[in-house]
Amino acid sequence: MNDTVTFFNSLSRSLEPFKPIEPGHVRMYTCGPTVHDFAHIGNFRTFIFEDLLRRTLKFHGYQVTHVMNLTDVDDKTIRKSRQAGLPLRQYTARFKEAFFEDVDALRIERAEHYPAATDHIDDMVKLIEALQSKDHTYRSHGSTYFSVASYPEYGRLSGVDIQEDTDAQHSRVDHDEYEKDNARDFALWKAWSPEDGDAFWETPLGKGRPGWHIECSAMSRALLGDHFDIHTGGIDNLFPHHDNEIAQSCAATGADFVNHWLHSEHLLVEGKKMSKSLGNFLTLRDLMARGHSPVVVRYALLSAHYRTQMNLTEELLQASAQAVERLREFERRLRAHLLADHPNPLPAEEDGLEEAKTQFKQALFADLNLPEALGHLFRLVRHVNGLLTRGTLPPQRTQAVLDWLKEVDTVLAVLEPEAKASDPNEDKVKALVLKREEARQGRDWAQADTLRAQIEALGYIVKDTPQGPSWRRI
Ligand code: AMP
Ligand code: ZN
């Protein structure tokens, strides 16, 4: 069977076979949440698509180094922290925490790195200085701007044409987000103004703060290098954010930046993008208060192909709850069948497992066609349920189906969690390792050492590698 994975690359606007730069190892960057509020279900549609991508790559057998940034300084975080009368760091801390609670509840596998923008200001300054030295910037009123006219390849991703846009050289924008599909010079470093309050850094670029776009270019470079495999985000990130990232990174380093760009479509509410600015958003907490379990929300968000728009309706949530229960019931039935005595076994019937395995994998590897893959899975469930009823599935085939169901669940993550017979501390250790990595990212070495001692007290050692922390039992 052909095990090649293909993805729709937004850069070439076509399906392309995926090949990592370093054989067997995928490095990917996903634009993370702006921590000015609780992430909404639209944001989580994108984060769950990225989780599916990560889990599919691992299902294939790749090692994955995944970076998701936390935007904890930009126009929105500053405005909201000022409205709340709190220092920026204190204001964003509670939404970072809430984000990770939701991530865990939705069974989104943790990335290897969650860099916060405010911990990488030096990297941003260095990147802007590199752009300065190559004449891609200019200063105005204490701010530093990227000149799109200085980079003729600008707009490769969105197709925006700076030649047609005769105003490009004169048109400049200070806001982090701008909707209009035309090339504009954008702020790399914004001079401090009184509305920024405590959100400033004294740097060689002056007193100020980074623009949003440079944050991702600098953090991806710091953790994944100049050139890596995959970059993703929601479709609204494509322009201007990702076109700006490409311009900044390629112009500064002269190297290639990203090979595969993947974008997920929006979650809609009555035909409009779910967004905080439109006020039409729901959080995971809202849905849980209405009685929906996070795992059902997860399944619902996974059920549409990532490149189609979707609505989250009550009917979809109900159908998702049934689908999850069907899979869980199937697992319980297989286990019960294994435990039962079979004194006079009937002749075995063809179970269809091998065919389902091939079809599931092929669909998943064809640009993450999970809806089709789920079709193959449920066909197998229906068929095998028939065999279980008739008593024509021998124990070793029951075990094979169960093993595959568990393998499939490394991608879906909707089955009942297994009883942790092996080591009750496993989850605790993983959480401590991730907490320690956060402390290290924040250069809080004392806290990192305390956490290392706690990890060792539970019988594990942790090692820091260029791909992130690894840990094992002593
Ligand atoms: P933000 O916190 O606004 O920076 O957004 C975080 C991620 O959520 C980005 O990748 C956005 O593209 C994505 N996103 C925002 N709104 C939606 C939506 N309605 N549907 C899907 N993805 C979204
Ligand atoms: Zn980004």
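**Group meeting: a helix, a sheet, a zinc and a ligand**

Okay, let me start with a side-chain pair: H376 and R379 are joined by a polar contact of 2.6 Å, where a polar contact is a pair of N or O atoms within 3.5 Å, and within protein one must be able to donate a hydrogen and the other to accept it, with residues adjacent in sequence counting only if both atoms are side-chain atoms. Keep in mind that this is a predicted model, with local features needing pLDDT of at least 70 and side-chain atom pairs pLDDT 80 or more, while totals for chains, interfaces and linings use all residues. On bookkeeping, residues are numbered from 1 along each chain as its sequence is written, chains are lettered from A and ligands numbered from 1 in the order written, and side-chain values use heavy atoms, leaving out hydrogens and water.

So where does H376 sit? In helix α11, residues 370-390; helices are DSSP runs of H or I, at least four residues, strands are runs of E, at least two, and both are numbered from the N terminus. H376 is buried at 11% relative accessible area, buried being under 20%, exposed over 50% and partly exposed in between, with a 1.4 Å probe on protein chains only. Beyond neighbours within four places in sequence, H376 is in contact with A356, Q359, F360 and A363, contact being heavy atoms within 4.5 Å.

On to the sheet. Four strands form an open sheet in the order β4-β3-β11-β12, with parallel pairing; strands pair if DSSP finds at least two bridges between them. β4 (63-68) and β12 (258-264) are at the edges with a single partner strand each, so one side of each has no neighbour in the sheet. In the middle, β3 (25-30) and β11 (228-234) pair over three bridges, and Y29 has H231 as its bridge partner in β11.

Now the zinc ion, ligand 2. Its protein donors are C31 (SG), C216 (SG) and H241 (NE2), at 2.1 to 2.2 Å; donors are N, O and S atoms within 2.8 Å of the metal (3.2 Å for Na, K and Ca), and with water not among the atoms, sites may look incomplete. Along the chain, the spacing is C-x184-C-x24-H. C31, in the loop between β3 and α1, and H241, in helix α6 (238-253), are 210 residues apart. Both C31 and H241 are buried.

Last stop, ligand 1. A backbone N or O atom of G234 is 3.0 Å from one of the ligand's oxygen atoms. For M274, a backbone N or O atom lies 2.8 Å from a nitrogen atom of ligand 1.
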